[in-house]
2 protein chains.
Amino acid sequence: MEKVEIPRKTIYRLSIYQRCLTKLHENGAETVSSSALAAAAGVKPAQLRKDLTYFGQFGTRGLGYSVEELRNAIRDVLGRTHLQPVVLIGAGNLGTALLRYQGFQKEGFEVVAAFDAVPEGVVKRGISVPLHDIDDLTRFVQENEVRLAILCVPADGAQEVANEIVGAGVTGILNFSPTVLQVPESVTVNNVDLALELENLSYFVGRD
Amino acid sequence: MEKVEIPRKTIYRLSIYQRCLTKLHENGAETVSSSALAAAAGVKPAQLRKDLTYFGQFGTRGLGYSVEELRNAIRDVLGRTHLQPVVLIGAGNLGTALLRYQGFQKEGFEVVAAFDAVPEGVVKRGISVPLHDIDDLTRFVQENEVRLAILCVPADGAQEVANEIVGAGVTGILNFSPTVLQVPESVTVNNVDLALELENLSYFVGRD
DNA sequence: TCGTGTGAAGACGTTCACAGCT
DNA sequence: AGCTGTGAACGTCTTCACACGA
């Protein structure tokens, strides 16, 4: 197979395009041009078209794209026909907030279980996800063949937990801990580092 | 002034280097080589050295970098000698969690006020930041010359709030709403889109 | 000899500009 | 005429490889 690899940044944008297409679909739009969709997504038209060429041709010259067709095509590429089970580890402030957060469910992800070192101490108000002791983590991940994990533990314990879940079969980690995780190449880590983002902003704001 | 612009990605990495240096400093290390620091930060040695050349020379050939000197130099570049005041808008699940989150304070940011459309409905447990009605937002931002804002409102209200705070003088927005904000060029927006990150992960995990 | 500093090469991503289909 | 699809140009970031100083 000589499939050209789709750039990571393109994958991110595909998700954004899909959201815009869903909104257009709800508004009853049948077709959309690359310039209109690009404007909604905050990119240039040429970029949008280039992104799409990575996995096929979908438009009609002189007309644009069928909203529904393009949406289906992107969904297929992103591979979310089926729901992905996710575990969340570390039910502190951030962790519990994410458990209450509706955005994941809305996008087709189900947080099937949460783990904490001291599950008794967690405020469970508004949380319907079962909360386990962290000792059950490996067993649970293996038995349920979980591939995705959200990591919300403090920085000093993050690497240890990461090793454990990777050993148990997790291959994608959404890491909220302010640490650089060392993982095998086969594992994908997406870092969400809140302090880092603020610090970065403050750099660009700070020049006067 | 003919200062070469420091790439945005380098700025991000500087923050990471700084964290690693702080950890090294706490462990009593005096000097560090580019390869050691790079390994800790998860980058290649050449990249680290290149990043540093954007704003000066700090190492000693054959020896490495002075942990303390380099840390101070990076702090100066990032410009965080003084604390930046930040406002948070939208005290829902995510917003309140961020208010309780200690990571910002630890990195030198102070959330000076939070705003919500219905401040009475917010659970205030564990929150010490004053909570205002969103009607006071513009006045507060102007009077306190706030430059940074954390946006945690639902997607459909985000653009409106963004317009308001930009008008009031905010030039850096940390946006947690799953929307593409349209702002003037002079304003920096850093998006933290949780569902997007998960979707992205699931793409890389999904191939088997 | 060891590790930094850096020009040059390379890889990658974006933008342009236009050919070609409807 | 209008808008897509795309090779080529461009710009940016990363990596290499080695000169140079300690």
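**Entry 1: DNA strand D**

I started with DNA strand D in this predicted model. Which residues come nearest to it? Out of 25 residues around DNA strand D, I noted Ser34(A), Arg49(A), Tyr65(A), Arg13(B) and Arg61(B) as the nearest. Then I looked at which atoms of DNA strand D come within 4 Å of the protein, and 62% of them belong to sugar and phosphate.

Next I picked out some polar contacts. A polar backbone atom of Ser34(A) sits 2.5 Å from a phosphate oxygen of DNA strand D. For Gln57(A), I found an N or O atom of the side chain 3.3 Å from a phosphate oxygen of DNA strand D. Arg61(B) reaches a base: an N or O atom in its side chain is 2.8 Å from a base oxygen of DNA strand D.

I also asked which elements build this surface. At least two residues each come from helix 3, strand 2 (59-60) and strand 3 of chain A, and from helix 1 (8-26) and helix 3 of chain B. Helix 3 of chain B supplies the largest share of the surface near DNA strand D, with 4 residues.

**Entry 2: DNA strand C**

I turned to DNA strand C. Here I count 24 residues around the strand, and Arg13(A), Ser34(B), Arg49(B), Gly59(B) and Tyr65(B) come nearest. Of the atoms of DNA strand C within 4 Å of the protein, sugar or phosphate makes up 63%, and the rest belong to bases.

I wrote down three polar contacts from chain A. Arg13(A) has a polar side-chain atom 2.9 Å from a phosphate oxygen of DNA strand C. Gln47(A) places a polar side-chain atom 3.1 Å from a phosphate oxygen of DNA strand C. With Arg61(A), a polar backbone atom is the partner, 3.2 Å from a sugar or linking oxygen of DNA strand C.

Two or more residues of the surface near DNA strand C come from each of these elements: helix 1 and helix 3 of chain A, and helix 3 (45-53), strand 2 (59-60) and strand 3 (64-66) of chain B. Which element gives the most to this surface? I found that helix 3 of chain A does, with 4 residues.

**Entry 3: the domains of chain A**

I checked how chain A is divided. The domain assignment gives domain 1 (8-77) and domain 2 (84-197). I read 32 Å between the C-alpha centres of domain 1 and domain 2 of chain A.

**Entry 4: helix 4 of chain A**

I wanted to see whether the length of this helix makes sense. Helix 4 of chain A covers residues 67-78, and at 1.5 Å a residue its 12 residues should span 16 Å; the end C-alpha atoms are 17 Å apart, which agrees.

Which residues of helix 4 of chain A are buried? I listed Val67(A), Leu70(A), Ala73(A), Ile74(A) and Leu78(A). Looking down the axis of helix 4 of chain A, I saw the buried residues fall within an arc of 135°, so they line one face of the helix. On the other side of helix 4 of chain A, I noted Glu69(A) and Asp76(A) as exposed.

I then looked for what covers those buried residues. The cover includes helix 1 (8-26), strand 1 (31-32), helix 2 (34-41), helix 3 (45-53) and strand 3 (64-66) of chain A, and also helix 9 (194-205) of chain B. Just after helix 4 of chain A comes Gly79(A), and I noted its positive phi, near 65°.

**Entry 5: helix 9**

I followed helix 9 of chain B, since it had just turned up as part of that cover. Helix 9 of chain B has 12 residues and reaches 16 Å from first C-alpha to last, close to the 16 Å expected at 1.5 Å a residue. How many of its residues are buried? I found 12 of 12; among them are Leu194(B), Asn200(B) and Val205(B).

In chain A, I chose Asn200(A), which lies in helix 9 (residues 194-205). Asn200(A) is buried, with a relative accessible area of 0%. Leaving aside neighbours within four places in sequence, I found Asn200(A) in contact with Arg8(B), Ile11(B), Tyr12(B) and Asn190(B).

**Entry 6: Ala168(A)**

My last stop was Ala168(A), in helix 8 (residues 155-168) of chain A. Is Ala168(A) buried or exposed? Its relative accessible area is 11%, so Ala168(A) counts as buried. Beyond its neighbours within four places in sequence, Ala168(A) is in contact with Thr138(A), Val141(A) and Gln142(A). I also compared its position with Leu70(A): Ala168(A) and Leu70(A) are 98 residues apart in sequence, and their C-alpha atoms are 37 Å apart in space.

Terms used
Residues numbered from 1 in each chain as written. Chains lettered and ligands numbered in written order. Predicted model: local features only at pLDDT ≥ 70, side-chain atom pairs only at ≥ 80, totals over all residues. Heavy atoms only, no water. Domains from an automatic or database assignment. Expected span 1.5 Å × (residues − 1). Buried < 20%, exposed > 50% of the residue type's maximum accessible area, 1.4 Å probe, protein only. Arc of directions from axis to C-beta. Contact = heavy atoms within 4.5 Å. Near = heavy atom within 4 Å. Polar contact = N/O pair within 3.5 Å; in protein donor to acceptor, adjacent residues only side chain to side chain.
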